[in-house]
Amino acid sequence: MKGVILDCMEKLVVEKKGKPVWEKILVNSGFDKNKKFLITQDIDDKIVLKIIDSTCIVLNNSLQTTANAFGVYWMKYYAPKIYRAYFGNTKTAKDFLLKLNKTHEQVTNNIENARPPIFEYEQPDEKTLIMTYISERNLMEFFIGLIKGVGKYFDEELTIERTGGNKVKINFS
Ligand code: HEM
């Protein structure tokens, strides 16, 4: 997975908990405390998962709590700086979510080995979006955390309900 994911996790942990906590996560994952992940680098998925796991253990958080914090930080602070162009003039959470396949496709276009997630959509009515998350990585918690982050970025109250399998029902009030 792209190094950008770990760079964002590092910035989040350092900002909220301090550098020594991030160093501990790195060491617990088998790395030197000064290890840096380049944002354009392709990092083995196993390494990314190991670091996510160590983050949960060191912070004593569930995977969903870690994924929610990541999703909000990614959407509110990290991506708007690094990927400003993909925010364009999108004005609502729903429009942003509907563009996600294109966003992921474009962002990972030049990255060897990138296998970004794919989303399928159903729109039973104006206020409801059902999203199906398709990825062999199966990071459902991150999918949900990132949707929460989209709500925060657009300052909208979203109701997010996991309806089984890899499907999530989102209500826009
Ligand atoms: C501007 C916003 C976004 C950008 C630029 C972006 C970009 C990326 C990139 C570069 C990756 C790594 C892909 C790879 O290495 O194969 C990734 C992974 C991922 N993204 Fe996004 N993303 C954005 C928003 C979102 C949102 C809002 C969601 C959920 C609704 C989402 C869901 C995921 C998930 C679950 C992964 C983990 C990889 C996987 O499941 O296979 N992303 N994203």
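Asp155 is an exposed residue of this predicted model, since its C-beta atom has 7 others within 10 Å, and 12 or fewer is the limit for that class. Its position is the loop that joins helix 7 to strand 3 (158-162). The backbone there takes a positive phi, near 55°, although Asp155 is a residue other than glycine.

Asn138 also has a positive phi, about 55°, and is not a glycine. This residue belongs to the loop between strand 2 (128-134) and helix 7. Asn138 counts as exposed because it has 12 C-beta neighbours inside 10 Å. A further positive phi, again of about 55°, is found at Asn60, just after helix 3.

The chain that carries these turns is divided into domain 1 (4-61) and domain 2 (92-172). Between the C-alpha centres of domain 1 and domain 2 the distance is 24 Å.

Helix 3 covers residues 45-59. With 15 residues, helix 3 spans 21 Å from its first C-alpha to its last, close to the 21 Å expected at 1.5 Å a residue. Val48, Ile51, Ile52 and Thr55 are the buried residues of this helix. Viewed down the helix axis, they fall within an arc of 100°, and therefore they line one face of helix 3. The cover over these buried residues includes helix 1, helix 2 (19-28) and helix 4 (63-82).

The loop between helix 2 and helix 3 contains Lys36. Lys36 is classed as partly exposed because 13 other C-beta atoms lie within 10 Å. Its C-alpha atom is 20 Å from that of Tyr77, a residue 41 positions away along the chain.

The strands offer examples of both buried and exposed positions. Met131, in strand 2, counts as buried because it has 20 C-beta neighbours inside 10 Å. Apart from residues up to four places away in sequence, Met131 touches Leu97, Phe119, Tyr121, Val168 and Ile170. The C-alpha atom of Met131 is separated by 32 Å from that of Ile25, which is 106 residues away along the chain.

Gln123, by contrast, is exposed, with 11 C-beta neighbours inside 10 Å. Gln123 is placed in strand 1 (residues 118-125). When neighbours within four places in sequence are left aside, Gln123 is in contact with Thr128 and Leu129. The C-alpha atoms of Gln123 and Ala93 are 14 Å apart, and these two residues are separated by 30 residues along the chain.

The model also contains a ligand, with 24 residues around it. Of these, Lys2, Pro117, Ser135, Arg137 and Leu146 come nearest. The elements that contribute two or more residues to this shell are helix 1 (4-17), helix 6 (100-108) and helix 7 (140-153). By class, the shell holds 17 nonpolar, 4 polar and 3 charged residues. Helix 7 thus appears twice in this account: it gives residues to the shell around the ligand, and the loop holding Asp155 lies between helix 7 and strand 3.

Notes: Residues numbered from 1 in each chain as written. Predicted model: local features only at pLDDT ≥ 70, side-chain atom pairs only at ≥ 80, totals over all residues. Near = placed C-beta within 6 Å. Helix = DSSP H or I, 4+ residues; strand = E, 2+ residues; numbered from the N terminus. Nonpolar A, V, L, I, M, F, W, Y, C, P; charged D, E, K, R; others polar. Expected span 1.5 Å × (residues − 1). Arc of directions from axis to C-beta. Contact = placed C-beta atoms within 7 Å. Domains from an automatic or database assignment.
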